Amino acid sequence: VPWNWMHGRAGAKRLAPTSASREQLHAREGGVAIPHLVPLPLLGRSHRRETTASAAMAAAAAAAEPKTKYDRQLRIWGDQGQAALEKASICLLNCGPTGTEALKNLVLGGIGSVTVVDGSKVEQSDLGNNFLLDEGCLGQSRAKSICSFLQELNDAVKAKYVEESPATMIDTNPSFFSQFTVVLATQLPESSLLKLDSICRSANIVLVAARSYGLTGLVRVSIKEHCVIESKPDHSLDDLRLHNPWPELKQFAKSIDICDKDPVVHKHTPYIVILVRLAEKWADAHDGQLPSTRQEKREFKDLIRAHMLNVDEDNYKEAVESSYKVSVTPGISDEIRQIIDDSSSEVNFSSSDFWVLVASLKEFIANEGNGELPLEGTIPDMTSLTE
Amino acid sequence: MASAAAPASSEEAVKAAKVLMVGAGGIGCELLKTLALSGFSDIHVIDLDTIEVSNLNRQFLFRKSHVGQSKAHVARDAILKFRPNINIESHHANVKDAQFNVDFFKQFNVVLNGLDNLDARRHVNRLCLAAEVPLVESGTTGFLGQVTVHVKGKTECYECQPKPIPKSYPVCTITSTPSKFVHCIVWAKELLFAKLFGDKNQDNDLNVHSKDGSSSKLDVFERDVDEDLDQYAQRIYDHVFGYNIEVALENEETWKNRRRPNPVYIRDTLPEAVKQNGSSWDCSNDHEEPSAMASLGLTNPQEIWTLAENSRVLLEAFKLFFEKREKEIGNLVFDKDDQLAVEFVTAAANIRAHSFGIPLHSLFEAKGVAGNIVHAVATTNAIIAGLIVIEAIKVLQDDYKNYRMTYCLEHPTKKLLLMPVEPFEPNPSCYVCSETPLLLDVNTKVTKLKEVIDKIIKSKLGMNLPLVMIGSTLVFEDGDGLEEDEAANYALNLEKVLAELPAPVINGTKLTVEDFQQELSCSINIKHREEFDEEKEPDGMVLSGWSAPVEKQINSNGENKSAASSSSARATDDTVEDPSKPGMKRKLDELLETKENCDASSSAQVVEDDDDCTMLDGNPALIKKKRLQ
C-alpha cells in the first residue's frame, strides 16, 4: 500500500520512455549480459539495423520478459514509476503477517531489494498464520524463511535478511538504516518507533509504521517534505476568473449579444460569456456583490434559466452547471497562503526547485497578480459556434 | 441457506462454512489466501484459465514454471502448502458448464466471485438466485475496486441495476470518419486484419472495389495468381491507405466540418521499398514466433514509431503471416497475445491515424486498446479480498443489517479510501429477480427468430441456453440432448420471420423465454413496429421494461459521459463492437454523485459545490431508493 500513495501518479500516461529510464531497466535485467543493448541510446538507427538478427531477437526476448510480467502495472505507473520501484531498497522490521503481506506486494511489483530484520525463530503459532511459512520452516530463522519464499515470488528482487531483533538494531546500530529508501516498521512499540523516527529523519529516509490488531490496524507515514507533481491531474479546475474577468474577457463578453433572437446563435453562445454577462447583471442589482448564499446561488441559476429560449440549449445547461464558479472567493486559498508564507519560500542557493517556484509565485501574486494566481490559460470544452 | 439457525460466533460460522470461489486470478489468489488464513476449511474453486506471464506481477500463488497450467489447480496446491489440512476442490472448467447447475450451487453457504467479465457474473447471479445462496461480488481495475453483497429477497441482485453495455462505435466512424486512436484500432482489428486473415465468409465493410475498369477482380484483397508477396503487400497498402481515402474525399458533405484525411501511398512513405522487389529485411527467422519488430530491429514496444517505421512493420508483418503462418490465414481472430497480430494492428492503426491527423501510439499502448487490457496491481486485489471475506462472514451469520457495498477509491475522497454503503432493496422491476415482463419493439414481418435470439435473448438478456415458447408452443431450444427431428425443426424456425412461426408472433404476443440452467424465466411482450431509426436503433429492435438509472457510457479512454436514460436499453450489434472496461468506475461515480448532490433535480455531473452534503448512512435527503432495513 505505501508505494501507491507515495509515488502517486508520477508516471506519465504517455509511455514513451526517456533514454535514462531505458538504460536503467536494461541494466537491471537479471544477469543476462547483452552489452550491445546498454549503450543503445547512443547508437544511430543505421547501427541498429546492422546488428545480427538473432542477437536482436534475444535482446527483444530478454527485454520483453520483465515487460510482459510487469505489463499490467506498467499501464498504471509507466516506465518511470517502474524504474523508481526498481531503484528502491526496503527494510522490513518484523516479518509477521503484516510485514509479509506488505513485502509480498512490493516484491511482486519488482522492488529493487528487501532486507528483513527479525530475530525470531519460526514457531507453531506462525504456521497457518503466514502464507509464506510452512511446517518445514519450524525452528528456523523466520527472516531467513520469509526471504527464501519472497525470492521465489520474483527472482529479480534481491532479498536479504538480518537475524536481529529490530529493537536491538535501533538501539545499537542506527547507521544500519541509512542504506535504505524506505523503512517499513511493523508491530513495533512506540518507544522503538520514536527512536527510529529520529534516525530516519536525520538520514532523510522514509519511515512507514504499521500495526494490526484483529480487524483494526493503522499505517502511518513519516517523511520529510516530499514533492509530488501531478503532471496529468484528473480533475483540472477550469480557471476562468468568472468572478473577476480580466479586461479582454470582459470586452469579448460585451461584444456578444446574449439576447440574440436567432435560435442558432442563441444556443451557441459560449457559457462563459453567459456567465460573465449575467454575473455582471446580478452584481449591478446587488450592490456589486456576487451570489454567495445558497439562496442567492439558486436565484442566480434561475436567472440563467430565465434566459433560455429553448429546453435543449446545451450552452445554458453548461452555464447552470458552472454557475457556482462565479461565487468563488477571490484571492488565493488558505492552503496556498500557507505555502507561500512558509519560511522556505525565502529561497537561497540550496533551495529546492519547488521552493524557487513558490518564491516566484509569491512575487507574482504580490505584483502582477494583484492578489490572484496566474491564469492557467486552458479553455474548457463548451458548446459554441466554430468561430 | 444450509444452516437453520445463525451460528453463535464468526469463528463457528467460518468453520462450518462451505464456500464457492469463482475465479482464481487476481482477486482469486488473494481471496483464497485470505480465506485459508481466516480459518475457512471447505472451499471449491472454479477457473477455466491457464497461467500467463503477465499474471505474475500479482497472482502470487503462481510461478514462472507454472505458465500454461490450470489456475484453479495450481492455486489449490499453493494454499495446501501452508494450510495442508483444509479441503479445497479445484475445477479447471467454465462456470457456465452444465455440471455447475442449481444443485451444485445449493451445497454452498456463500458464493464469492472473482471474475473478469460481465457474462459470467450474470450467469452466476442467476444461479445464486435460483439456489437461494448469497453472492458476494467484486471487481478491480488498477487502484479502483468494489465489493457488493447480493442476498435474494433482501438486497438487489447483481442485475437489478443494469450494467453498461460494451462500448461500440457507429460503423461510419470506423469506416469513414475516425477521430480517435481507438477508432483506428477497431478499423485495423475488425476490418483490415479480419479481411486479410480472418474468415472470408464474414461480412466486412472495407471497400473492396478498385478504380473502375482497372481490374476485373471482384475483390481487390484477393492475391493474384503468382503475385509477388511484396507487390501484394504494397498493393493492399496503397488500396486501403491511398485509394480508399481518395474515394472518401470525393464525398464533400462528409468533410464540410471535418479535417480532410490525407491519402498515404507507399511511394511516399517508403520510396526505397518500391524499388526493391522481393527482398525483405532478411533474417533467419526460423526460430520461435515470427515478429516484424524483431526482423526490423525495433526492440522497444513503448517507442512511438515514425510513419516510415509503421509502414515497414505493416509490410513485414503482412509478409510474415503469408510466409510463416499461411495455414492460419482464413481462420485468424485477433488475439492480444499474438505478437505478430498486435504488430500488424498497431502499424495499420498508426498509418490510418496519421492520415486523419490523430496522434500515433506505441505498440504497448495500442496493444492495451486493441486487447482491452485492464491495468492491474496486487495491492487493490489484496484489499478487495479482505473486504470480501469480511462481508462473507457477515453473510454466514445472517448479519444483514451490517451488509455493506464497499468501494475502494483511487484517491481518498473526504479522507476516506474505502466507502461503505448500505445495499438497496431489490428492484421491483428487475426482470431477473422480480420476474417483470419486458417489452420488445420489433418488426414481426421482417425479423427472423434467429435475430431476436442472438441480439436480445442471448446477448442482452444474457441467457446461455435459452428456450423460447409462444403460449404452449415450443419454437426453440438450445442445448445437448435434442432429438434430430427436434433440432431440425428448431433450425427451420430460426430462419423464419416472427409472424410466420408455427405459433405466429404479432403485436401483443407474449414470448416466454427460459434458461433452465440459470433457472431464469421471463416474458417478453411483443409490440409490432415497422419504422426504426437507422442510427439510434440499428438493430431494428428495442428492448425495454426495467427502470434504468442514469445511463453512463465509458469509452476506451475511461472518460465518463452521462446521457439521460430512457427506459429502453439499446442493442447495438450492428455497429462494430469494442468492449469497454468493467463498469466499476461508472458505479463509483454514480455513488459519489449520489452523495454530493443533495438536490435530486440537479444534473448528473458531479458538481463541486461548496454546499455538498456529507455522506451519512440513512440520510433521508440522499436516498432515492429504499435502503435495506
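This passage walks through a sheet in chain A and then a few spots in chain B of a predicted model.

In chain A, six strands come together as an open sheet, and their order across it is β3-β2-β1-β4-β5-β6. The pairing here is mixed. As background, strands in a sheet pair up through backbone hydrogen bonds, and they can do so in a parallel or an antiparallel way. At the edges of the chain A sheet stand β3(A), residues 158–162, and β6(A), residues 216–222. Each of these two has just a single partner strand, so one side of each is left with no neighbour in the sheet. On average, neighbouring strands of this sheet are turned by 15° against each other, direction ignored.

Zooming in on one edge, strand β2(A), residues 113–117, runs parallel to β3(A), and five bridges join the two. One residue to look for is S113(A), whose bridge partner in β3(A) is K158(A).

Helices pack on this sheet as well. Helix α6(A), residues 97–109, touches β1(A), β2(A), β4(A) and β5(A). The direction of α6(A) makes about 165° with that of β1(A). Helix α7(A), residues 142–153, also packs on the sheet, where it touches β2(A) and β3(A). The direction of α7(A) makes about 180° with that of β3(A).

Over in chain B, a residue worth finding is C172(B), which carries the "active site" annotation in an unreviewed UniProt entry. C172(B) sits in helix α6(B), which spans residues 171–175. Its relative accessibility is 42%, so C172(B) counts as partly exposed, given that the partly exposed class lies between the 20% and 50% cut-offs.

Further along chain B, an unreviewed UniProt entry lists residues 441–532 as "domain: Ubiquitin/SUMO-activating enzyme ubiquitin-like". The end C-alpha atoms of this span lie 9 Å apart. By content, residues 441–532 of chain B are 25% helix and 29% strand.

Helix α18(B), residues 484–494, shows how a helix can have two faces. Its buried residues are Y490(B), N493(B) and L494(B). Looking down the axis of α18(B), these buried residues fall within an arc of 100°, so they line one face of the helix. In general, an α-helix has 3.6 residues a turn, so residues three or four places apart point the same way. The buried residues of α18(B) are covered by elements including α17(B), residues 449–460, and β12(B), residues 473–477. On the face turned away from the buried side, α18(B) carries the exposed residues E484(B), D485(B) and L492(B).

How values were computed: Residues numbered from 1 in each chain as written. Chains lettered and ligands numbered in written order. Predicted model: local features only at pLDDT ≥ 70, side-chain atom pairs only at ≥ 80, totals over all residues. Heavy atoms only, no water. Buried < 20%, exposed > 50% of the residue type's maximum accessible area, 1.4 Å probe, protein only. Helix = DSSP H or I, 4+ residues; strand = E, 2+ residues; numbered from the N terminus. Arc of directions from axis to C-beta. Contact = heavy atoms within 4.5 Å. Pairing = 2+ DSSP bridges. Axes fitted to C-alpha atoms, helices over the stretch in contact; angles between N-to-C directions. UniProt positions renumbered as here; feature names shortened; annotations may be inferred.
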